[in-house]
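Open the structure in your viewer and keep the sequence alongside. The stops below say what to select and what is there.

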Amino acid sequence: MARAEAEVARVTYLRLEIVGPRMVTVVGDVDLAGDDTESHLAVRLRTLEAKIDASPAVAGTMLSLSAPDEPSLTD
């Protein structure tokens with residue numbers, strides 16, 4: 001699995017929901033690295049979701065783009 005961290009500049013929201021034994025769903029808002037067009041960003045988000053979903057512990061992933069004024073979770 002490729003490293004998702006290189007694609008994500010920052011995370012502004014993250015919610016993990018336990019949906020079963022050793023299973024979670026991931027919901028988050030991310031700021032992707034670089035400056036891309038909307039159509040490319042949609043594809044990049046879906047690709048990132050698929051990479052996260054590849055983990056056997058992840059039942060599903062739903063990502064959205066962060067707004068520029070939202071603080072990072074790591075600030």
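The tour goes through the sheet, then the helix, then one residue ahead of the strands.

This is a predicted model, in which local features need pLDDT of at least 70 and side-chain atom pairs count only at pLDDT 80 or more, while totals for chains, interfaces and linings use all residues. Residues are numbered from 1 along each chain as its sequence is written, and side-chain values use heavy atoms, with hydrogens and water left out.

**Stop 1: the hairpin.** Select residues 8–20, strand S1, and residues 23–32, strand S2. Strands (E, at least two residues) and helices (H or I, at least four residues) are DSSP runs, numbered from the N terminus. S1 and S2 pair in the antiparallel sense over ten bridges; two strands pair if DSSP finds at least two bridges between them. To check the register, find Tyr 13, which stands opposite Asp 29 in S2, and then Glu 17, whose bridge partner in S2 is Thr 25. Two residues lie between the strands of this hairpin, where Arg 22 takes a positive phi near 60 degrees.

**Stop 2: the third strand.** Add residues 58–65, strand S3, which pairs with S2 in the parallel sense over seven bridges. Here Val 24 is opposite Val 58 in S3. From S2 the chain crosses through helix H1 (residues 38–53) to S3, a right-handed β-α-β crossover. Right-handed means that, with the strands pointing away from the viewer, the path from the first strand over the helix to the second runs clockwise.

**Stop 3: the whole sheet.** Show the three strands together: they form an open sheet of mixed pairing in the order S1-S2-S3. Which strands stand at the edges? They are S1 and S3, each with a single partner strand, so one side of each is left without a neighbour in the sheet.

**Stop 4: the helix.** Now show H1, which packs on the sheet and touches S1, S2 and S3. Contact means heavy atoms within 4.5 Å.

**Stop 5: Glu 7.** Select Glu 7, in the segment before S1. Is Glu 7 buried or exposed? At 18% relative accessibility it counts as buried (buried is under 20% relative accessible area, exposed over 50%, partly exposed in between, with a 1.4 Å probe and protein chains only). Leaving aside neighbours within four places in sequence, Glu 7 is in contact with Asp 31, Leu 32, Ala 33, Arg 44, Leu 48 and Lys 51.

Notes
Axes fitted to C-alpha atoms, helices over the stretch in contact; angles between N-to-C directions.
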